[in-house]
Every structure is written in structure tokens, then in C-alpha cells.
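Here are a few notes to read with the model open beside you. Take them one at a time and find each spot on screen as you go.

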Amino acid sequence: MAGDRIGFIDCSLRDGHQSLLATRMSTAQCMRVLPLLRDSGYRILELWGGATLDAALRFTGDDPFERLESFRKALGDPKRGGVSIRSLCRGQNLFGYTPYHDAVVCAFLKQAVRTGTDRIRIFDALNDDRNLITAIMATKTFNGHAEAAISYTTSPVHDTAHFIEFARRALDHGADSLAIKDMAGLLHPTAAFELIEALRQRFPGVELTLHSHCTNGLAITAYVVGMIAGVDYLDVGYGPMAGGTAQPPAELMGYFARALGLEVEVDLALAPRIDAELRRIRKELADVDTDPEHFGGPWPTEPDRRMRNRIAQAAALLQKRDDHSIDRAIAIIEDEIMVPMGYPAVDRSQLDAQIPGGMISNLHHQLKQQGQLDKMPRILEEVPRVRAAAGYVPLVTPTSQIVGTQAAFNVLQGEPYAMVTEPFRDLMMGRYGRLPGEPNAQVLRKVSRGQPPMLKRPATYVPPVDLDAVLGEHGHIIRSDRDLLLLLIFPVAAKKFLTERAAATEPAATPPDPIAAGG
């Protein structure tokens, strides 16, 4: 990307509804918006991966691979002028929550790339580079673009040197590009200057994307810093699928880009139509909406004089780089632009809890269903304590769910660690990878049951899959390699989905070849 241009990558149809609507957008709803995004001139759209596969099976009744096929058909071949589809992959955990055998990782990514996603964003919740190796190799083997994402967090053990070393290892493993994945919206603009410029200096010429969430009122300002410091792409969302716990609004970032003299490679002329369709969809999903009263009003095609002045003032303050000016810019953006536009005021308590947007959305929904929503503040207070006990793990899937669930049990049981979940025990013992810092010795003794920690690459402890056994048990509902892979990653949700599909349609003739399915 030239220094006078900035690229946007829309995340409305993946991270937007994962963060705001418990990942409940259906394929049909996505397809109402996708042609408008295509016609806006995007080079890359984030459309698949993360929690969308599991949620499609569980809640919307959609086949995840058929969804991806629909996306690819609508967007055309990226080698012939079509739009690239980026998917979020949890490294060795793929699109699930636990480490999988290398053969399963290779087979799944083979199917994903061949079905339609040509770019895979690969991250590890612990920034353990060993968990990226197989996913990077598999993506590149099948001619995909492998983007390694730094899971950004703040703690006594996370500094710029830590993130630079992780990036170096990821690139050594073959990653094609880098991203800063600030899943909990913790990247302060001051730190953004330092980290982005350090990455630019250490890895010149490597494509760099900035991803954040508006949870703590820092993301928009950090994005403006990203444009000043020279990132290639910003992850954004449109109006109703932006702000809150999702990404910064594409419309506002377009205003800021022009104020900085940058050309935006995306045409935002269709933004009002995209906004209107997403607004209808968000109202259709109001029952899972974390904040149905505050998702912003439609952005004007051009900002009025008052907003232009605020944008120019904030941009000028950020280029001064001193703490006072940066804090003033944050206040202008959040209090004088976002809130008047109808977005929720910032809840600063999340700076301590560090829970990412998707986890907040799901935790809110689950506690509401259980009639325990009043416990939410206490659980958020407990999360930092549990995180510290686990060596200050970054909170992103699956660690956000693991730490958040353990914090919830600590509160609901009335005594810390009176009940310890198996995933939390596995996390403490090293099944997911190296902990960034030393775990709390007392908690570790309580959960270890006298067993030694796991020090090898997590995939080492995963037994090979007996594909013949899976086919023998589920062959009547498996019609393709893709069905088999969904069963391996999401055994409960996929079994229910495939069983219901088999009951509603004629059975297939022949199950897949287990050798081919093994990748």
C-alpha cells in the first residue's frame, strides 16, 4: 500500500455480528448485504471463521461450507478481479476451542481454501508461535495467503519486545503478512505509535493490518494513529454493525482518512444503503442484541461543519503525540462525535476485565437466559484475578471463554476455584500452549492433581483421529469430506445439524474416502 493510501477491510458480516449479536446472522441475511460490499470496491472482506461456523450449525441452521461457497460465488475469483475472503483461524485450534491433530488442521484448511477463502488470519490466544506452524504451512500449501496475527494485550509480561519476537517467529514460519489483533480494545494510541512503528522498522515491506474493538473508547483513536504511523489496512464495520464492542465505523474512518490527506481505496458512496440493510438485520435480531437502544444513527455522506472541525482537531492533536494531546483527542472522538451519533458511552470497566467483544455479547446473553444478569459486574471484577492466576493470558478465543467461565463459577459458587472447569485446568497445565507468565503457584497446585505440566507443542498431545470409527458411527449422515470435518471440529452441533438434514432429504450414495478426508 502506498504511503498516501489506506485500505479498509469490512468485518460487519463476521466480527460485527459476533461482537454485537452473539453471531446470529444467517447466510440469507449476510447475502442481503454482500453485493453492496462487493460493489463498494473492497479488495478484502472478512466473512468467515471465528465463531461463525459453530453458530451457523447451532443457531441459524446453515452449512458453514455452503455459506462460504455462496460468498465466493457472489464475490468472484480474486485471481480474476474478484474480492478476497479472509477467515479467522485459531491456529492449532482451527475454528473450534481445543488443539487438533496436525492432519485435521491440514485437511480442514485445505477444504476451507478450496471452498473459497483465499486469506486466513491465523492467531494463537497465548502468542505461542508453535501453534501457528501447521496452520501457516497448510494455508500456503493450498495456495492461500497466511496472515499471522499478534494477540494484543497489556500485562506485566507483555511489551513491545514480546510482540516483535512473536512476529519474527511467525514470519520465520512462513507467514505472508502481519496483523495486530486487539480483541479487547486495549491498544492505547500511545502504545499504538510505539508498536506499529517498531513493526514497520523491524519488518519493512511486510503488509500490516490493525484490528481493534471500540469497547474501551480507544480503537478509533488508535486507528487514526495507525494511519499516521503507516498501517496498510484497517478492519472496520458499517454503522449498525460498528461501535460498542465491534470495530470502528467505516464511515468515520473515511472522514479521518481524508482529513489526513489519505486516499481511501474503498468507495463509501454505498454506505447509506449498507447501513439501512444492516439496521434492518440488527432489529430482526434484537433478542440477542447486547445494546438494542444504542447502535448509532446513519452517518451523513459528508460530515457537517461541526463534525469536520472535531475531526480536524482530533487529527491535529494526535500528530503532536504527547499524552495530554492524545487524551484530549480520545475525548473529542468518543464524547463529541460517537455519543452524539447515538453510539453507547464508553464503559471503562472493561479496561480491567479485558474481555473481548464477542465474549461480552455471549456472556451477557447466557446470564440473561439464566436470570443471573445482576452477577455480570462481579464476574467482570473477577476476570482480571483469574487471568493473573493463569499467567496473564491474552483474552481471546478460547482463553476468553475459559477465563470468563472460571470467573463466573468463582462468583456463582461463592468461593474461588471451589469448582474448576476442565478447560481451565488444561490451560494452566499447558495443553493450549506456553503461558506468557508464571501461573499462580497456589492455584496451579489446586488444579494440577499432582500431574506434571505439558511442555511440548500442544499438538503433540493430541491423538490421531480414527476416521474409520467416525465413518462407522456417523456414515449415514456424512455425505462429503466437509461433513466429516465439521463432525471432527464440532461433534455435538454438527451431529445434530447433519442428522436433521439427513432426515429432511434423500441420503447420499457413498460416504467419503477416509484417507482423502485425512488430508
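1. In which loop does L94 lie? Look between strand 3 (84–89) and helix 5 (102–115): L94 lies in the loop that joins up those two elements in your list. Keep in mind as you look that this is a predicted model.

2. Now check the backbone at L94. Its phi is positive, about 55°, even though L94 is not a glycine. Why point that out? Because most residues other than glycine have a negative phi.

3. Is L94 buried or exposed? Its relative accessibility is 0%, and the cut-off for buried is under 20%, so L94 counts as buried. Leaving out residues up to four places away in sequence, L94 touches C89, Y100, V104, V105, F108, L109 and I489. For a sense of distance, try A493 as well: L94 and A493 are 399 residues apart along the chain, and their C-alpha atoms are separated by 16 Å.

4. I489 is a good bridge to the next stop, as it belongs to helix 21 (residues 481–489). Helix 21 packs with helix 22 (residues 491–504) at an angle of about 140°, and the axes are 6 Å apart. Roughly antiparallel would need an angle over 145 degrees, and the two helices are therefore oblique to each other.

5. Who meets whom there? On the helix 21 side you'll find D483, L486, L487, L488 and I489, and they meet P491, A494, K495, L498 and R501 in helix 22. Sorted by class, this contact has 7 nonpolar and 3 charged residues, with no polar ones.

6. Next, go to the loop between helix 16 (376–389) and helix 17 (399–413), where P398 is found. The peptide bond from T397 to P398 is cis, with omega near 5°. That's worth a second look because most peptide bonds are trans.

7. Stay in the loop between helix 16 and helix 17, since Y392 lies there too. Y392 is not a glycine, yet it has a positive phi of about 60°. How exposed is Y392? Its relative accessibility is 27%, so Y392 counts as partly exposed.

8. Time for the largest pocket, which holds about 730 Å³ of space. It is lined by 41 residues, and the closest to its centre are A51, D54, Y97, N362 and Q401. Helix 1 (12–20), helix 3 (52–60), helix 15 (357–369), helix 17 and helix 22 are the elements that give two or more residues to the lining.

9. Which helix gives the largest share of that lining? Helix 15 does, with 7 residues. By class, the lining of the largest pocket has 17 nonpolar, 17 polar and 7 charged residues.

10. Last stop: G297, in the loop between helix 11 (271–284) and helix 12 (305–318). With a relative accessibility of 22%, G297 counts as partly exposed because the buried class is kept for values under 20%. Setting aside neighbours within four places in sequence, G297 is in contact with R279 and M341. You can also try Y223: G297 and Y223 are 74 residues apart along the chain, with 21 Å between their C-alpha atoms.

Terms used
Residues are numbered from 1 along each chain as its sequence is written. This is a predicted model: local features need pLDDT of at least 70, side-chain atom pairs count only at pLDDT 80 or more; totals for chains, interfaces and linings use all residues. Side-chain values use heavy atoms; hydrogens and water are left out. Axes are lines fitted to C-alpha atoms, for helices over the stretch in contact, and angles run from 0 to 180 degrees between N-to-C directions. Helices (H or I, at least four residues) and strands (E, at least two) are DSSP runs, numbered from the N terminus. Angles under 35 degrees count as roughly parallel, over 145 as roughly antiparallel, 65 to 115 as roughly perpendicular and the rest as oblique. Contact means heavy atoms within 4.5 Å. Ala, Val, Leu, Ile, Met, Phe, Trp, Tyr, Cys and Pro count as nonpolar, Asp, Glu, Lys and Arg as charged, and the others, Gly among them, as polar. Buried means under 20% relative accessible area, exposed over 50%, partly exposed in between (1.4 Å probe, protein chains only). On a 1 Å grid over the protein atoms alone, a cavity is a set of points where a 1.4 Å probe fits but cannot get out, and a pocket is an open set with protein on both sides within 12 Å along at least five of seven lines; lining residues have an atom within 4 Å of a point. Grid points are joined across faces, edges and corners, and a volume is the space filled by probe spheres set on the points.
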